[in-house]
Amino acid sequence: MSENASSAPQSRGPADHNVREQIVEAAEEHFSHYGYEKTTVSDLAKSIGFSKAYIYKFFDSKQAIGEAICAKTLSAIIVAVEEAVANAPTATEKFRRMFKSLVSTGVSLFFNDRKLYDIAAHSAGEGWPSARAYAQRIEQILMEVIREGRESGEFERKTPLDETVNAIFLVIQPYVNPLLLQYNLDLAEEAPVQLSNLVLRSLAP
């Protein structure tokens, strides 16, 4: 009996992870076809062959499932931005590529997987943890770029760093925030260039 008790938690961990993945994959498919708002936990349960009560053992709400998908979606944008920045030779170019990558990946998601984009937009509007973490990471990357530019002499150093970062983040916000980007798609091609030029002129030493 003691052996059964001790072995149960060991076997339950991987199994739980697999079930969670199953639920998330089913939800991603349903949300892609029907949208987040129109999909219910009952719909997900039927598609997987689970009971609704069983799903609630792994996620306490539909939002929690949406959170898992949103975090995955926004993480993909972060990875694209990090790769774009990593390959840039100067802080000036890092900023240009960061902004361009943010807009292009967001626009691509909007047109290629609109329902998943809508989840990201919904999360931003509701202030979900995944959306807050995404914004914080973008702001952190921006701060690293500005700091590097100051150290290399590319950017001015008189303005407090946090003030500079906050101001630039406000400028790019309409194209960083999924909720706002959908209303600025008409300018998505030219905005990264024009706003980057504006920001970089303000950063000149």
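Is Tyr36 buried or exposed, and what is its relative accessible area? The exercises below use a predicted model, in which local features need pLDDT of at least 70, side-chain atom pairs count only at pLDDT 80 or more, and totals for chains, interfaces and linings use all residues. Residues are numbered from 1 along each chain as its sequence is written, and side-chain values use heavy atoms, with hydrogens and water left out.

**Exercise 1.** Classify Tyr36 by burial and describe its ring contacts.

Solution.
1. Tyr36 has a relative accessible area of 10%. Buried means under 20%, exposed over 50%, and partly exposed in between (1.4 Å probe, protein chains only). Tyr36 is therefore buried.
2. Rings of Phe, Tyr and Trp (its six-membered ring) pair if their centres lie within 6.5 Å; planes under 30 degrees apart are stacked, over 60 edge-to-face, the rest tilted. The structure holds eight aromatic pairs. One of them joins Phe31 and Tyr36, edge-to-face, at 5.3 Å centre to centre and 65° between the planes.
3. Phe31 is buried, at 0% relative accessible area.
4. Phe31, Tyr36 and Trp128 form one aromatic cluster.
5. The charged end of Lys62 sits over the ring of Tyr36, 4.4 Å from its centre (criterion: NZ of Lys or CZ of Arg within 6 Å of the ring centre and within 35 degrees of the ring normal).

**Exercise 2.** Describe the charge placed over the ring of Phe59.

Solution. The charged end of Arg20 sits over this ring, 4.3 Å from the centre.
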